[in-house]
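Subject: Structure handover

Hello,

Here is the structure for you to look at. Please open it first, then read my notes below.

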Amino acid sequence: MGHYPALKEFIDQKAGKYKNLRVTYTQGAPPNLLMQDATGATMEEVSIHQWKAEHIDEFLTERLEA
């Protein structure tokens with residue numbers, strides 16, 4: 001995760017506020033958000049490798065159910 005300091009910042013400081021967020025590490029894979037429905041089916045995949053921590057936070061705030 002050293003190549004993605006903004007992602008590390010988001011995970012360390014902001015990810016905990018999202019109860020529906022699960023972080024999974026896949027070695028060698030670029031960071032993506034997989035947006036899933038209630039059954040676990042992937043509805044959307046978003047590449048976030050160039051996003052800043054605040055952009056990830058804004059996106060999830062808009063998209064995740066409370």
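Start with helix 1. On the face turned away from its buried side, helix 1 carries the exposed residues Pro-5, Asp-12 and Gln-13. Keep in mind throughout that this is a predicted model.

Now turn helix 1 around. Its buried residues are Leu-7, Phe-10 and Ile-11. Looking down the axis of helix 1, you find these buried residues within an arc of 95°, so they line one face of the helix. What covers them? Helix 2 is part of the cover over the buried residues of helix 1.

Helix 2

Go to helix 2 next. Ala-53, Ile-56, Asp-57, Phe-59 and Leu-60 are buried there. Viewed down the axis of helix 2, the buried residues fall within an arc of 165°, so they too line one face of their helix. Which elements do they pack against? The buried residues of helix 2 pack against helix 1, strand 1 and strand 2.

Two residues of helix 2 deserve a look. Take Ile-56 first. Not counting residues up to four places away in sequence, Ile-56 touches Leu-7, Phe-10, Ile-48 and Trp-51. Of these, Leu-7 and Phe-10 are buried residues of helix 1.

Then take Asp-57, also in helix 2. Is Asp-57 buried or exposed? Its relative accessible area is 13%, and buried means under 20%, so Asp-57 is buried. Which residues does Asp-57 contact, beyond its neighbours within four places in sequence? They are Phe-10, Lys-14, Lys-17 and Tyr-18. Phe-10 therefore appears in the contacts of Asp-57 and is itself buried, in helix 1.

The nonpolar core

The largest nonpolar core has 13 residues. Among its members, Phe-10, Leu-33, Ile-48, Ile-56, Phe-59 and Leu-60 touch the most other members. Helix 1, strand 1 and helix 2 each give two or more residues to this core. Which element gives the largest share of this core? Helix 2 does, with 4 residues.

The largest pocket

The largest pocket has a volume of about 1200 Å³. It is lined by 34 residues, and the closest to its centre are Arg-22, Thr-24, Asn-32, Leu-33 and Leu-34. Four elements are worth finding here: helix 1 (5-13), strand 1 (32-36), strand 2 (42-47) and helix 2 (53-63) give two or more residues to the lining. Strand 1 gives the most, with 5 residues. What classes of residue make up the lining of the largest pocket? There are 20 nonpolar, 9 polar and 5 charged residues. Leu-33 links two parts of this email: it is named among the closest to the pocket centre, and it is in the largest nonpolar core.

Three residues to check

Leu-64 sits in the segment after helix 2. Its relative accessibility is 23%, so Leu-64 counts as partly exposed. Leaving aside neighbours within four places in sequence, Leu-64 is in contact with Tyr-18 and Met-35. Leu-64 and Tyr-18 are 46 residues apart along the chain, yet their C-alpha atoms are separated by 8.0 Å.

Thr-42 lies in strand 2. Thr-42 has 44% relative accessibility, so it counts as partly exposed. Apart from neighbours within four places in sequence, Thr-42 is in contact with Leu-34, Met-35 and Gln-36. Now set Thr-42 against Lys-17. The two are 25 residues apart in sequence and 22 Å apart in space, C-alpha to C-alpha.

Last comes Ala-29, in the loop between helix 1 and strand 1. Ala-29 is partly exposed, at 39% relative accessibility. How far apart are Ala-29 and His-3 in space, C-alpha to C-alpha? They are 11 Å apart, with their positions 26 residues apart in sequence.

Best wishes

Note on methods: Residues numbered from 1 in each chain as written. Predicted model: local features only at pLDDT ≥ 70, side-chain atom pairs only at ≥ 80, totals over all residues. Heavy atoms only, no water. 1 Å grid on protein atoms, 1.4 Å probe; cavity = no way out; pocket = protein on both sides within 12 Å on 5 of 7 lines; lining within 4 Å. Points joined across faces, edges and corners; volume = space filled by probe spheres on them. Nonpolar A, V, L, I, M, F, W, Y, C, P; charged D, E, K, R; others polar. Core = buried A, V, L, I, M, F, W, Y, C linked by side-chain atoms within 4.5 Å. Buried < 20%, exposed > 50% of the residue type's maximum accessible area, 1.4 Å probe, protein only. Contact = heavy atoms within 4.5 Å. Arc of directions from axis to C-beta.
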